[in-house]
Amino acid sequence: MNQQQLPLFHALQQFQSKQPISFHVPGHKNGDVFLDEAKVIFDSILNIDMTELTGLDDLHAPEGIIALAEQLAMDFFQTKQTFFLVGGSTAGNIAMILAACREGDTVIVQRNCHKSVMNGLELSGARPVFIAPVYDECLKRFTNPSIDVLEQAIKRYPNAKAIILTYPDYFGNTYDLQAMIELAHSFYIPVLVDEAHGVHFSLGDPFPPSALRLGADVVVQSAHKMAPAMTMSSFLHCNSERVLPKRIAHYLQMLQSSSPSYPLMASLDIARAFLANFTEEMIDKVLESVQKVKTVISESRYWRILPSDDPLKITIQMEEGVAAKQVAYLFEQQQIFPELVTEKQILFVHGLAPFLSLHRLKKAVQTIVEQLKNYARHDTIETKYFFPVSIQELALSYQTMNRQPAKYLSLKDAVGYIAAEAVIPYPPGIALILKGEKITAAHIEMIHKLRKMGVRMQQRSPNLIQVFTGTEEGEETK
Ligand SMILES: Cc1ncc(COP(=O)(O)O)c(C=O)c1O
């Protein structure tokens, strides 16, 4: 197929060029009804913010321009079916889980997965078996589960209906996913991959191989994270018939808006064309720029750059006693905003084009290095006990949790109870305590430490945690 085509984008452009009169939703009437002061910024987008008008197709039953845009994506990504998502990988992860497993089914899940995976599991009523990631001494963080643990889990739960993995991780780290997929397939278990951070892997070398190429059955990618697409625009790809695309379509139309955004869908069309027409020369220029950025960033004795499989991910590891949060704050003071800050690391994400503000970055790094000379040293925290159990089930099934009463307890009183809500430091959105997991003293200690470091927790009340208080018969779950 001609990958220069932009069926969705060009149709919208053509539609608005005829100055159509709107007697339909949305209420901004092609931008005519809007706050004056905001018009300047929004105008060009409002002009293509259409609805399902004649000729503009329907995301939930595509047969025109949206179908063609999805076919072009299938052709580029080499998939059996690709769905455009306007609810982010969040919607894609939930839909693939609902499509792959039914209530009570066992599913093997990487423990450090995104919260959307947990939400999908809860909605499906499946019985998750979590496999813990390993701690990488070189990268100083948890990465992926080992194939040995996966094999143990499969042997213990051979009737598992799916395996859910994250590849790559937030920092661009990959692993031998192909071996895991082959292992799973030898037990006839489909592999669902959250590849939210890897849409650009389809460009091939020097990027790691995509989960699609490695044989995953369903792959979800946030086009908006690493490709030039608007926030919330994502792809869901089906690579086999092990999970039926029609079941995925069914859940997507339940989960996503019945008025999906045309600017978002058009940006998916654009992102696909951008990737499909990316030349080796462009890749070389990006790599050259990454090298320059790394050279500038590394001009400090307060941190060092860690290795990454994805060249676009630049992670710095703080030296002992230097708080990443504080360094990130200093970068932000210079109007330089990194993607992610953990207790010891800061992640900078390079784009798919040469970086244009090298001089500003250089000056900022010099200023920050000077400022750090006057900063107090901090204790850094130990995160190694985050995932102490290699294969773990929840203490209660989702069905039982649904029927149980819950109450709020102070953090210190909650030890020994079963959590009725997840505690999720954000970013990266990976649960420290899962809903349905027994709360330990180590969990509470970690919450206090993370808080002290200014990490945001997604929890309704900062000093309280919701716990299950008893079974239906009134027994304590403690
Ligand atoms: C690993 C992973 N999966 C899924 C998501 C959700 O993606 P989206 O923002 O596209 O909904 C994120 C978001 O940060 C993520 O890091």
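This is a short tour of the ligand site, two helix pairs and a few backbone features.

Before you start clicking, note that this is a predicted model, in which local features need pLDDT of at least 70, side-chain atom pairs count only at pLDDT 80 or more, and totals for chains, interfaces and linings use all residues. Residues are numbered from 1 along each chain as its sequence is written, and side-chain values use heavy atoms, with hydrogens and water left out.

**Stop 1: the ligand**

Select the ligand and show its neighbours: 14 residues surround it, a residue being near if one of its heavy atoms lies within 4 Å. The closest are Ser-89, Thr-90, Asp-194, His-197 and His-224. By type, the shell holds 10 polar, 2 nonpolar and 2 charged residues. In this count Ala, Val, Leu, Ile, Met, Phe, Trp, Tyr, Cys and Pro are nonpolar, Asp, Glu, Lys and Arg are charged, and the others, Gly among them, are polar.

Now colour α4 (88-100) and α8 (223-226), each of which supplies at least two residues of that shell. Helices here are DSSP runs of H or I with at least four residues, strands are runs of E with at least two, and both are numbered from the N terminus. The largest share of the shell, 4 residues, comes from α4.

Next, zoom in on the polar contacts, which are pairs of N or O atoms within 3.5 Å; within protein, one must be able to donate a hydrogen and the other to accept it, and residues adjacent in sequence count only if both atoms are side-chain atoms. Ser-89 places a backbone N or O atom 2.8 Å from a ligand oxygen atom. For Thr-90, a polar side-chain atom lies 2.6 Å from an oxygen atom of the ligand. Ser-222 also has a polar side-chain atom 2.8 Å from a ligand oxygen atom. Taken alone, the ligand exposes 390 Å², and the protein buries 87% of that.

**Stop 2: two helix pairs**

Select α12 (residues 324-333) and α13 (residues 358-372): their axes come within 10 Å and cross at roughly 135 degrees. Axes are lines fitted to C-alpha atoms, for helices over the stretch in contact, with angles from 0 to 180 degrees between N-to-C directions. α12 is therefore oblique to α13.

Then move to α3 (residues 65-77) and α10 (residues 262-276), whose axes come within 10 Å and cross at roughly 30 degrees. α3 is therefore roughly parallel to α10. Angles under 35 degrees count as roughly parallel, over 145 as roughly antiparallel, 65 to 115 as roughly perpendicular and the rest as oblique.

**Stop 3: the backbone**

Most residues other than glycine have a negative phi, and most peptide bonds are trans. Select Pro-168, in the loop between β6 (162-166) and α7 (177-186); the bond from Tyr-167 to Pro-168 is cis, with omega near -10 degrees. Finish at Tyr-188, in the loop between α7 and β7, where phi is near 60 degrees.

Terms used: Areas by Shrake-Rupley, 256 points an atom, 1.4 Å probe, with all protein chains shown as cover.
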